[in-house]
Amino acid sequence: SIIPTLKNTWDLVFIDADKENYSNYFDLVIDNVRPGGWIIADNVLWSGKVLNDTKANDLETKSLKLFNTKVHTDNRVTNMLLPIRDGLMILIKN
């Protein structure tokens with residue numbers, strides 16, 4: 001992955017990639033986001049699937065549920081969920 005080789009500080013990171021790795025991407029970028037900077041994650045509602053029981057083989061939905069819980073309980077960020085389209089999670093680094 002290229003992310004660990006980047007030594008910049010970011011004001012904004014947009015995550016819209018393989019859903020199984022959203023938590024990993026968050027972990028890779030959080031230390032390089034400046035205080036007050038934003039991380040925006042797309043598709044966090046996943047057509048409403050995150051609200052229902054998850055099928056055993058639905059790794060994407062399981063991963064998004066874990067990501068949503070992870071960032072909601074992470075005291076390094078304040079989060080806001082925008083329920084537009086497939087959902088945008090806006091995380092502001094404290």
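Biologist: Of the 94 residues of the protein chain, what percentage count as buried?

Modeller: This is a predicted model, and in it 39% of the 94 residues count as buried. The accessible surface of the protein chain comes to about 5,800 Å², and carbon and sulfur atoms hold 55% of that surface.

Biologist: Which pattern of helices and strands does the protein chain follow along the sequence?

Modeller: The chain has 2 helices and 4 strands, and read along the sequence they follow the pattern β-α-β-α-β-β. With a radius of gyration of 13 Å, close to the 12 Å that the globule rule gives for 94 residues, the chain is therefore as compact as a globular protein of that length. Its C-alpha trace spans about 40 × 25 × 20 Å along the principal axes. Among the contacts with a separation of 6 or more, 56% come from residues 24 or more positions apart.

Biologist: Turning to the interior, which residues touch the most other members of the largest nonpolar core?

Modeller: That core has 21 residues, and those touching the most other members are V13, F26, I39, A41, F67 and L91. At least two core residues are supplied by each of β1 (10–15), α1 (22–29), β2 (33–42), α2 (59–73) and β4 (88–93). For V13, once its neighbours within four places in sequence are left aside, the contacts are V29, V33, W38, I39 and I40.

Biologist: How should I read a charged residue such as D42, and which side chain of opposite charge is nearest to it?

Modeller: A salt bridge requires the charged side-chain atoms to lie within 4 Å of each other, and D42, although buried, has none, the nearest side chain of opposite charge being K19 at 6.2 Å. D42 belongs to strand β2, and, neighbours within four places in sequence aside, it is in contact with F14, I15, D16, Y22, G87 and L88.

Biologist: What is the sign of phi at N43, and where is this residue found?

Modeller: As a general idea, most residues other than glycine have a negative phi. N43, which is not a glycine, has a positive phi of about 70 degrees, and it is found in the loop between β2 and α2. R85 likewise has a positive phi, of about 50 degrees, without being a glycine, and its place is in the loop between β3 (77–82) and β4.

Biologist: Are N43 and R85 buried or exposed?

Modeller: N43 is buried, with a relative accessible area of 13%, whereas R85 is exposed, with a relative accessible area of 86%.

Technical notes. Residues numbered from 1 in each chain as written. Predicted model: local features only at pLDDT ≥ 70, side-chain atom pairs only at ≥ 80, totals over all residues. Heavy atoms only, no water. Core = buried A, V, L, I, M, F, W, Y, C linked by side-chain atoms within 4.5 Å. Buried < 20%, exposed > 50% of the residue type's maximum accessible area, 1.4 Å probe, protein only. Contact = heavy atoms within 4.5 Å. Lys, Arg positive; Asp, Glu negative; His and termini not counted. Rg over C-alpha atoms; globule rule 2.2 N^0.38 Å. Areas by Shrake-Rupley, 256 points an atom, 1.4 Å probe, with all protein chains shown as cover.
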